[in-house]
Structures are given as structure tokens and as C-alpha cells.
Amino acid sequence: MQSVQDYYDQLASNYDQNRFANSYGQYIDRMERQILTTWLTDTPAAQVIDMGCGTGRLLDFALTGVDASTEMLKVAALKHPRHHLQQSALPHTNMPDQAFAAAICFHVFMHLDEQLITESFAEIARIIQVGGRLIVDIPSKHRRQLGRRNRSDDTWHGNTDATQKDIQNWAGTQWRIRQRRGILFFPIHRLPDFARRLFIGIDGWIGKTRLSRYSSYHVYELERVA
């Protein structure tokens, strides 16, 4: 079975072009940025770490990034030469205790099993100051339960989903959930390119309501409490 690291090493050179240079990727990127801009308004980038920074797409929100893929980090270093980038994989980062006020972690937990997620929450808690925050995303279990989904041959590849109760259980007593947002309520991949951008506003609004449980992805803001 191919590892997560090998998979992303192979994709690195064309990752940005293939994943985010199209209207679907831009839709996701815009929604994620709207959430991060709102939730990190009062947190300087120097105090934020991006866990699973990949090619550095979101490194304008964080001056430090870690990733398992050395090839993805090479791309990130070209785009962000003044950032501190380190090759490491959750749940082991080798970062100092309580070194950051906030962490962001996008498109990572979906690739981990429950044990690794639990260990990752503990590791991130170690490097985040008490009162600090973690912003993390994961596919919605409620949404996936609405219909059939073809599982990947790789058991790790985006196969982990969660409810809010799952997130709190995995996070343990060191974290409390402050808020949640939904992303991709609509089947954007089935709409023509020109129509996709028209749905961002209403998608963002639904993401703040109870209907958000049926959005494709959930983004959680957790506070480090102990």
C-alpha cells in the first residue's frame, strides 16, 4: 500500500495546478480562507503553525509549516523562502512546548485513523499555549451517510470522517470546541464552471446553520483549555 508521504511526494510538482488552478479548487480555497481570515483576525502569522502545510497554499496565515512530504516542502520553500519549514509528520512534530498561539490543520485528519488523530490532538496541544486555538477540517460523517461512497484502495486516502461528537472524543479534555463551519453543502463538482462561484455566498451562510451538518466538510475551531 502506498504511504501518505509517497503519494504527496509524487504529486508535489503539479499539485497546485491540478488541485487549485480550477474553479472547484478555487471554490474550496476561497471558503477556507474566509474562515481562517475571520477566526485568525487577532493572531499574527508569526504565532501560527500550519500542520500539513503541503505546498504552502495557506502559509500567508502562518510563518511556520510542517509536512510529511519533502517534495511538497520544496515547492512551499520556493513560494515562501522566509518561512520556517520542517519535514515531520503527525503525531510527532519535534516542535517546542507551547511555542504557538494557534495551529491550522487542513486536509490531514481525513487521512489518519482514529488512534493517530487522538495522538495528533495531544501533540498539537503540547505545542499550543493554553488559551490558544486549533483550526482543523474533516469530512462530515452525516453527509457521507446520506449516500454510498466508493472507498479508496488505500485505506488512509480521505477515508476518515467524523461527527462533532467524534471530534470532541478524539480531542479529549485538553480541547473544547468553540465553533464549527460547514463547507461544500452543494455538489459543486456537478455544476458548470461559470455557476460555481455564484454559490459561495449561500454555501457560507448554510455553513453557519444547522444544515451545515450535511455539508461535505466541517471546519472546527478548538480552544486549548488544559
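Let's start with the charges: the chain carries 27 positive and 24 negative ones, and their mean positions sit 8 Å apart. Keep in mind that this is a predicted model.

**The whole chain**

The fold mixes nine helices with seven strands. Its radius of gyration is 17 Å, close to the 17 Å from the globule rule for 226 residues, so the chain is as compact as a globular protein of that length. Along the principal axes, the C-alpha atoms fill a box of roughly 45 × 40 × 40 Å.

How much of the chain is buried? Buried residues account for 51% of the 226. As for the outside, the accessible surface adds up to about 11,400 Å², and carbon and sulfur atoms hold 49% of that. If you look at contacts with a separation of 6 or more, 70% of them link residues 24 or more positions apart.

**Two helices and their cover**

Helix H5 runs over residues 114–127, and its geometry is easy to check. With 14 residues at 1.5 Å a residue, H5 should span 20 Å, and its end C-alpha atoms are indeed 20 Å apart, which agrees. The buried residues of H5 are Ile-117, Ser-120, Phe-121, Glu-123, Ile-124, Ala-125 and Ile-127. An α-helix has 3.6 residues a turn, so residues three or four places apart point the same way. Worth a look in the viewer: Glu-123 is on the buried list too.

What do those buried H5 residues pack against? On the strand side, the partners are E1 (48–51), E4 (100–105), E5 (128–139), E6 (175–183) and E7 (217–224), and helix H7 (164–171) joins them.

Over at helix H1 (residues 4–11), the buried residues are Tyr-7, Tyr-8 and Asp-9. Their cover includes helix H2 (15–20) and helix H4 (70–79).

**Cys-105 in strand E4**

Strand E4, one of the partners of H5, also holds Cys-105. Is Cys-105 buried or exposed? Its relative accessible area is 0%, so Cys-105 is buried. Setting aside neighbours within four places in sequence, Cys-105 is in contact with Met-51, Leu-90, Leu-134, Ile-135, Val-136 and Asp-137. Then there's Gly-52: it is 53 residues from Cys-105 in sequence, yet the two C-alpha atoms are 6.1 Å apart in space.

**Backbone oddities**

One of the contacts of Cys-105, Leu-90, also takes part in a cis peptide bond. That bond runs from Leu-90 to Pro-91, with omega near 10 degrees. Pro-91 lies in the loop between strand E3 (84–87) and E4.

The loop between E3 and E4 also contains Gln-98, a residue other than glycine with a positive phi. Leu-184 is another non-glycine residue with positive phi. Here are the two side by side:

| Residue | Phi | Loop | Relative accessibility |
|---|---|---|---|
| Gln-98 | near 45 degrees | between E3 and E4 | 44% |
| Leu-184 | near 65 degrees | between E6 and helix H8 (193–196) | 3% |

Why does Gln-98 count as partly exposed? Its relative accessibility is 44%, and the partly exposed class lies between 20% and 50%, so that is where Gln-98 falls. Leu-184, at 3%, is under the 20% cut-off and therefore counts as buried.

How values were computed: Residues numbered from 1 in each chain as written. Predicted model: local features only at pLDDT ≥ 70, side-chain atom pairs only at ≥ 80, totals over all residues. Heavy atoms only, no water. Helix = DSSP H or I, 4+ residues; strand = E, 2+ residues; numbered from the N terminus. Rg over C-alpha atoms; globule rule 2.2 N^0.38 Å. Buried < 20%, exposed > 50% of the residue type's maximum accessible area, 1.4 Å probe, protein only. Contact = heavy atoms within 4.5 Å. Areas by Shrake-Rupley, 256 points an atom, 1.4 Å probe, with all protein chains shown as cover. Lys, Arg positive; Asp, Glu negative; His and termini not counted. Charge placed at Lys NZ, Arg CZ, Asp CG, Glu CD. Expected span 1.5 Å × (residues − 1).
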